[in-house]
Amino acid sequence: EGSVRDTVESNIRAFASTGEPFAADDVVELLPELPPGMSPNVIGAVFAALAKQGVLRHVGYRKSRRPESHRWVLSVWVGWASSGVANATVEPAAAI
């Protein structure tokens, strides 16, 4: 579970570094799939932790683009410039 969480966090930080709005769909697209028995809630937990740390800020909502999500409403985030993350150049981590 740790390596999956680390990959999710690395990918969220990469999106945050662009300064562009993004949502969980963008992060999920980079993951082939979660290991059996792992809850997809890990992705939301990483977003929540990074927001609490001041890495991200919530800027709105959009509907999911993934068919299996049935247009579920997602939070939209941007990197918080004062955290220093938005100024870094980071590439998304390779898929697991």
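## Asp25 and its contacts

Asp25 touches five residues beyond its close sequence neighbours: Arg62, Ser64, Arg65, Arg66 and Leu74. Residues up to four places away in sequence are left out of that list. The model is predicted, and every value here is computed from it.

Asp25 sits in helix H2, which covers residues 24-28. Is Asp25 buried or exposed? Its relative accessibility is 2%. Buried means under 20%, so Asp25 counts as buried. Ser75 lies 50 residues away from Asp25 along the chain. In space, the C-alpha atoms of Asp25 and Ser75 are 9.9 Å apart.

## The largest pocket

How much space lies in the largest pocket? The volume is about 390 Å³. The lining is made up of 19 residues. Closest to the centre of the pocket are Ala24, Val28, Pro40, Ile43 and Arg66. Arg66 is also one of the residues that Asp25 touches.

Which elements each supply at least two residues of the lining? They are H2, helix H3 (41-52) and strand E2 (73-79). H3 gives the largest share, with 4 residues. By residue type, the lining divides into 11 nonpolar, 5 polar and 3 charged residues.

## Glu9 in helix H1

Glu9 belongs to helix H1, which spans residues 2-18. Its relative accessibility is 19%. The cut-off for buried is under 20%, so Glu9 counts as buried.

Which residues does Glu9 contact, leaving aside neighbours within four places in sequence? They are Val46 and Leu50. Helix H3 runs over 41-52.

## The chain as a whole

The chain has 3 helices and 2 strands. From the N terminus on, the order is α-α-α-β-β. The helices thus come ahead of the strands in this order.

The chain holds 96 residues, and 36% of them are buried. Asp25 and Glu9 both count as buried. What share of contacts between residues at least 6 apart in sequence joins residues at least 24 apart? That share is 59%.

The accessible surface of the chain comes to about 5700 Å². Carbon and sulfur atoms account for 55% of that surface.

How values were computed: Residues are numbered from 1 along each chain as its sequence is written. This is a predicted model: local features need pLDDT of at least 70, side-chain atom pairs count only at pLDDT 80 or more; totals for chains, interfaces and linings use all residues. Side-chain values use heavy atoms; hydrogens and water are left out. Buried means under 20% relative accessible area, exposed over 50%, partly exposed in between (1.4 Å probe, protein chains only). Contact means heavy atoms within 4.5 Å. On a 1 Å grid over the protein atoms alone, a cavity is a set of points where a 1.4 Å probe fits but cannot get out, and a pocket is an open set with protein on both sides within 12 Å along at least five of seven lines; lining residues have an atom within 4 Å of a point. Grid points are joined across faces, edges and corners, and a volume is the space filled by probe spheres set on the points. Ala, Val, Leu, Ile, Met, Phe, Trp, Tyr, Cys and Pro count as nonpolar, Asp, Glu, Lys and Arg as charged, and the others, Gly among them, as polar. Accessible areas come from the Shrake-Rupley method with a 1.4 Å probe; for residues, only the protein chains shown count as cover.
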